[in-house]
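Q: I would like to take a close look at a single part of this model, and I would be glad of a careful explanation that goes slowly from one spot to what lies around it. Please explain each technical term when it comes up.

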Amino acid sequence: EQAGRMQVLPVRVVLVMLATVTARPDGPGGHHHHGDHGAHHGAHHGAHNADHGAGHHATHGAHHEPVATVNLGSSHHVQNIPNTVHTVHSVQPVRSSFSIQPEPVKQQNVVAPVVVKNTPKTIADLVSTNPKFSTLLTAVKAAGLVDTLAGEGPFTVFAPTNTAFDKVPVDKLNSLLADKEALKTVLLRHVVAGSTVQGKNIPPGTTTLKTASGEDITATRDKFIQVNSSAGSAYVVLFDVLGTNGVVHAVDSVF
């Protein structure tokens, strides 16, 4: 029992001492308070610095880390605005180049049409350059009438074609070509001097024409135009071949 009292006494003494120390502000308890306060303040300041350092370094690290900045929601949106503007800026010249600036027109080489000017031809030239009148040309040369048909005129010539001369027997034709005066008379019977008589100038019915040989011939207009002389008749098969000194009508017979 005595031992039990001795164990209780120290416990009470310790409690009284703790109460006394706690009640004395200037005693060892006061210094302990300041120590605890300093420790608490130091711990708090240290924790604050630790939190501040950790936050500062975390923020500073995040400031230097491009991936962290890009991953932030608002920053990511802000960073995308220049990209959007840049995209529109890069597309705009392409759209304007098609809508505003026209493509250069390729000029094609235009070849000027070649205008072939017909050299003015006399009746002699018309006869000499037309292969259908090759036999007539031979007869004109044999009669010495080339210069006449190349003269001033005007003349209206009823020119026999090669087919027309083919109707003349060969012996008679050769005999005619050998007789210059007889050939000249026959050829000038086909020439009307002093006028250019075109097809439209021959009225319906019969018209009398004075030839260069001094003889009269008639031109009868019906469905066709027929020419009649004392030696024969022929039909006009080609009208109005115009020359500088008159007109040529091709006929199908020598008259």
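Which residues does T161 touch, not counting residues up to four places away in sequence?

A: T161 touches K132, F133, A250 and V251 once residues up to four places away in sequence are set aside, where a contact means that heavy atoms come within 4.5 Å of each other. Before going further, please keep in mind that this is a predicted model, in which local features need a pLDDT of at least 70 and side-chain atom pairs count only at pLDDT 80 or more, while totals for chains, interfaces and linings use all residues. Residues are numbered from 1 along each chain as its sequence is written, and side-chain values use heavy atoms, with hydrogens and water left out.

T161 sits in the loop between β1 and α8, the latter covering residues 162–166; helices here are DSSP runs of H or I with at least four residues, strands are runs of E with at least two, and both are numbered from the N terminus. T161 is buried, because its relative accessible area is 11% and buried means under 20%, exposed over 50% and partly exposed in between, with a 1.4 Å probe and protein chains only.

Two of the contacts of T161, A250 and V251, lead us to strand β7, which spans residues 246–251. This strand and β1 pair in the parallel sense over 6 bridges, and two strands are said to pair if DSSP finds at least two bridges between them. Within that pairing, the bridge partner of V157 is V248 in β7. In general, the strands of a sheet pair through backbone hydrogen bonds, either parallel or antiparallel.

If we now go back to the start of β1, we find P154 in the loop between α7 (146–149) and β1 (155–160). The peptide bond that runs from G153 to P154 is cis, with omega near 0°.

Another residue that belongs in this picture is H190, which is found in the loop between α10 and β2. Leaving out residues up to four places away in sequence, H190 touches T156, V157, F158, P160, S253, V254 and F255, so V157, the residue bridged to V248, is also among its contacts. H190 is buried, with a relative accessible area of 2%.

The helix that comes before that loop, α10 (residues 180–188), has L183, V186, L187 and L188 as buried residues. Among the elements that cover these buried residues are α6 (134–143), α9 (170–178) and β2 (191–193). As background, an α-helix has 3.6 residues a turn, so residues three or four places apart point the same way.

We can now step back to the sheet to which β1 and β7 belong, an open sheet of 7 strands in the order β2-β1-β7-β6-β5-β4-β3, with mixed pairing. Its edge strands are β2 and β3, each of which pairs on one side only.

Next to β7 in this order stands β6, a strand of residues 233–243 that contains D240. The phi of D240 is near 55°, which is a positive value in a residue other than glycine. D240 is partly exposed, with a relative accessible area of 29%.

At the β3 end of the order, strand β3 (residues 205–210) and strand β4 (residues 216–221) pair in the antiparallel sense over 6 bridges, and L209 has I217 in β4 as its bridge partner. The hairpin of β3 and β4 has 5 residues between the strands, and in this hairpin G214 takes a positive phi near 95°.

Strand β4 also holds T220, which is partly exposed, with a relative accessible area of 23%. Apart from neighbours within four places in sequence, T220 is in contact with G205, T206, I225, Q226 and N228. T220 and I202 are 18 residues apart in sequence, and their C-alpha atoms are 8.1 Å apart in space.

Finally, it helps to set these details against the whole chain, whose secondary structure comes to 10 helices and 7 strands. Buried residues, T161 and H190 among them, make up 23% of the 255 residues in the chain. Of the contacts with a separation of 6 or more, 57% are between residues 24 or more positions apart.
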